[in-house]
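This report walks through one protein model, from its overall layout to single residues. Please keep the structure in view while reading.

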Amino acid sequence: MNPNRHEWLVQVLNQNGFSMADLAGQTRLQLSVIEEAAKSDTAKSEVWNIILDTVNDYPSIRTPGADILDDLNNDIQKYGENALCIVYYGVNQNLLGFCEYQCMDDLQMHGAQVDVEYLSALRMSLAEALELFTKQNYTLQVVQS
């Protein structure tokens, strides 16, 4: 048994907001196969490589610059504050970060330009997204001060 490998995998998954069951869905491997690979000293290299490839593809969560507020205000002017958008977010190093939004009227992506494949999504109005990103930017400014 290799407890260090298992602990490392669980830690990386937790830091990115995922569980072993999530990893099973992402890799299309059975949960028992993943558990065995993480705990075994003799894990099949192809199984472990699939796990590592998936974990290494997790996005680095970056938050957008203050210009996202300008983008949101412009979209509100064009489409109205009640127009719908999707806000993409994720967890990295135990920190929740809102990264991008996509206005449903023009389908343009705005924000930190990250791969949204592994991110979660919330549907909300542009006005709600503006409030969310404003608060996040303010919080980040206070923390960095």
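## Layout

Helices (H or I, at least four residues) and strands (E, at least two) are DSSP runs, numbered from the N terminus. Along the sequence the protein reads α-α-α-α-α-β-β-β-β-α. That gives 6 helices and 4 strands.

This is a predicted model: local features need pLDDT of at least 70, side-chain atom pairs count only at pLDDT 80 or more, and totals for chains, interfaces and linings use all residues. Residues are numbered from 1 along each chain as its sequence is written, and side-chain values use heavy atoms, with hydrogens and water left out.

## Burial and contacts

Buried means under 20% relative accessible area, exposed over 50%, and partly exposed in between (1.4 Å probe, protein chains only). By that rule, 39% of the 145 residues are buried. A contact means heavy atoms within 4.5 Å. Among contacts between residues at least 6 apart in sequence, 66% join residues at least 24 apart.

## Helix α4

Helix α4 covers residues 45–56. Its expected span is 1.5 Å times one less than its number of residues. For 12 residues that comes to 16 Å, and the end C-alpha atoms are 16 Å apart, which agrees.

Five names make up its buried set: Val-47, Trp-48, Ile-51, Thr-54 and Val-55. Viewed down the axis, these buried residues fall within an arc of 125° (taken from the directions from the helix axis to the C-beta atoms), so they line one face of α4.

## Two nonpolar cores

A nonpolar core is a set of buried Ala, Val, Leu, Ile, Met, Phe, Trp, Tyr and Cys residues joined through side-chain atoms within 4.5 Å. The largest has 17 residues; Leu-9, Leu-13, Leu-23, Ile-34, Ile-51, Val-55 and Tyr-58 touch the most other members. Elements giving two or more residues to this core are α1 (3–15), α2 (20–27), α3 (31–39) and α4. Helix α4 supplies the largest share, 4 residues. Beyond four places away in sequence, Val-55 touches Trp-8, Leu-9, Val-12 and Leu-23.

Another core lies apart from this one. It has 15 residues, including Ala-83, Cys-103, Leu-126 and Phe-133.

## Aromatic rings

Rings of Phe, Tyr and Trp (its six-membered ring) pair if their centres lie within 6.5 Å; planes under 30 degrees apart count as stacked, over 60 as edge-to-face and the rest as tilted. The whole structure holds 2 such pairs. Trp-8 and Trp-48 form a tilted pair, 6.4 Å centre to centre with 55° between the planes. Trp-8 lies in α1 and Trp-48 in α4, so the pair ties together parts 40 residues apart in sequence. Trp-8 is partly exposed at 35%, whereas Trp-48 is buried at 13%. Tyr-89 and Phe-98 form a tilted pair too, at 5.7 Å and 45°. Phe-98 is buried, at 12% relative accessibility.

Trp-48 also has a charged neighbour: the charged end of Arg-5 sits over its ring, 4.4 Å from the centre. The test requires NZ of Lys or CZ of Arg within 6 Å of the ring centre and within 35 degrees of the ring normal.

## Two polar side chains

Arg-123 is in strand β4 (residues 120–125). It is exposed, at 56% relative accessibility. Not counting residues up to four places away, Arg-123 touches Leu-84, Cys-85 and Met-104. Arg-123 and Leu-84 are 39 residues apart in sequence, yet 6.9 Å apart C-alpha to C-alpha.

Asn-137 belongs to helix α6 (residues 126–144). Asn-137 is buried, at 8%. With the same sequence exclusion, its contacts are Pro-64, Gly-65, Ala-66, Ile-68 and Leu-69.
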